[in-house]
Amino acid sequence: MYSFSQKSFAKINLSLKILNQRKDNYHNIYSLFLELDLHDTISFEKSKDFKLTCEGIDVPCNKTNLIYKAYEILSKKYDIKEKVSIHLEKKIPLFAGLG
């Protein structure tokens, strides 16, 4: 079965400047950050059904999870028929300013 994993590294913002507000109410920014060795790992495997599992730091593995939401949006937008099982190994602390 086809599978792959990707590391998502933590970062610390050394500088953050808000440039302007966009029409969608988000902001354009200029940011200077330092990537850390600390990372989460997200793994994908071809599957018969979509499934999200998580380990490590306690995070929800339901429709409130951003991975779950992104999967639903991208599957609909690009009419993706193949399903995947996604596993998140969470090591970056939540709400620690390291995202």
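**Notes on a left-handed crossover and its surroundings**

1. What caught my eye first is the crossover: E3, helix H1 and E4 make a left-handed β-α-β unit. Bear in mind that this is a predicted model. Strand E3 covers residues 51-56 and runs parallel to E4, with six bridges joining them. Helix H1, the middle piece of the unit, spans residues 66-77. If you want a residue to anchor your view of the parallel pair, take Thr53, which stands opposite His87 in E4.

2. Now the hairpin. Strand E1 takes in residues 3-21 and strand E2 residues 27-47, and the two pair in the antiparallel sense over 16 bridges. For the register, Ser8 has Asp40 in E2 as its bridge partner. Five residues sit between the strands of this hairpin, and Asn25 takes a positive phi there, near 75°.

3. How does E2 pair with E4, parallel or antiparallel? The sense is antiparallel, over seven bridges, with E4 made up of residues 83-90. Ser47 stands opposite Lys83 in E4. So much for register; E4 therefore has two pairing partners to look at, E2 by the antiparallel rule of DSSP bridges and E3 by the parallel one.

4. On to the rings. The count of aromatic pairs comes to three. One of them is Phe4 with Phe44, a stacked pair at 4.9 Å centre to centre and 20° between the planes. Phe4 belongs to strand E1 and Phe44 to strand E2, so this contact ties together parts that are 40 residues apart in sequence. Are these rings buried or exposed? Phe4 is partly exposed, its relative accessible area being 39%; Phe44 is partly exposed as well, at 23%.

5. Another stacked pair is Phe50 with Tyr71, with 3.9 Å from centre to centre and 10° between the planes. Here the loop between E2 and E3 supplies Phe50 and helix H1 supplies Tyr71, so parts 21 residues apart in sequence are tied together. Phe50 counts as partly exposed at 21% relative accessibility, whereas Tyr71 counts as buried at 15%. The cut-off for buried is under 20%, so Phe50 at 21% falls outside it. Together with Tyr68, Phe50 and Tyr71 form one aromatic cluster.

6. Which residues make up the largest nonpolar core? There are eight: Ile42, Leu52, Val59, Ile67, Tyr68, Tyr71, Ile86 and Leu88. H1 and E4 each supply at least two of them, and the largest share, three residues, comes from H1. Tyr68 and Tyr71 are in this core and also in the aromatic cluster with Phe50. As background, nonpolar side chains in soluble globular proteins tend to be buried together.

7. There is one disulfide by count, and it joins Cys54 to Cys61 with an S to S distance of 2.1 Å. For the record, a disulfide is a covalent bond between the sulfur atoms of two cysteines. Cys54 is partly exposed at a relative accessible area of 24%, and Cys61 is partly exposed at 30%.

8. Last, a cation over a ring: the charged end of Lys11 sits over the ring of Phe33, 5.4 Å from the ring centre.

Note on methods
Residues are numbered from 1 along each chain as its sequence is written. This is a predicted model: local features need pLDDT of at least 70, side-chain atom pairs count only at pLDDT 80 or more; totals for chains, interfaces and linings use all residues. Side-chain values use heavy atoms; hydrogens and water are left out. Helices (H or I, at least four residues) and strands (E, at least two) are DSSP runs, numbered from the N terminus. A crossover is right-handed if, with the strands pointing away from the viewer, the path from the first strand over the helix to the second runs clockwise. Rings of Phe, Tyr and Trp (its six-membered ring) pair if their centres lie within 6.5 Å; planes under 30 degrees apart count as stacked, over 60 as edge-to-face and the rest as tilted. Buried means under 20% relative accessible area, exposed over 50%, partly exposed in between (1.4 Å probe, protein chains only). A charge sits over a ring if NZ of Lys or CZ of Arg is within 6 Å of the ring centre and within 35 degrees of the ring normal. A disulfide is a pair of cysteine sulfur atoms within 2.5 Å. A nonpolar core is a set of buried Ala, Val, Leu, Ile, Met, Phe, Trp, Tyr and Cys residues joined through side-chain atoms within 4.5 Å.
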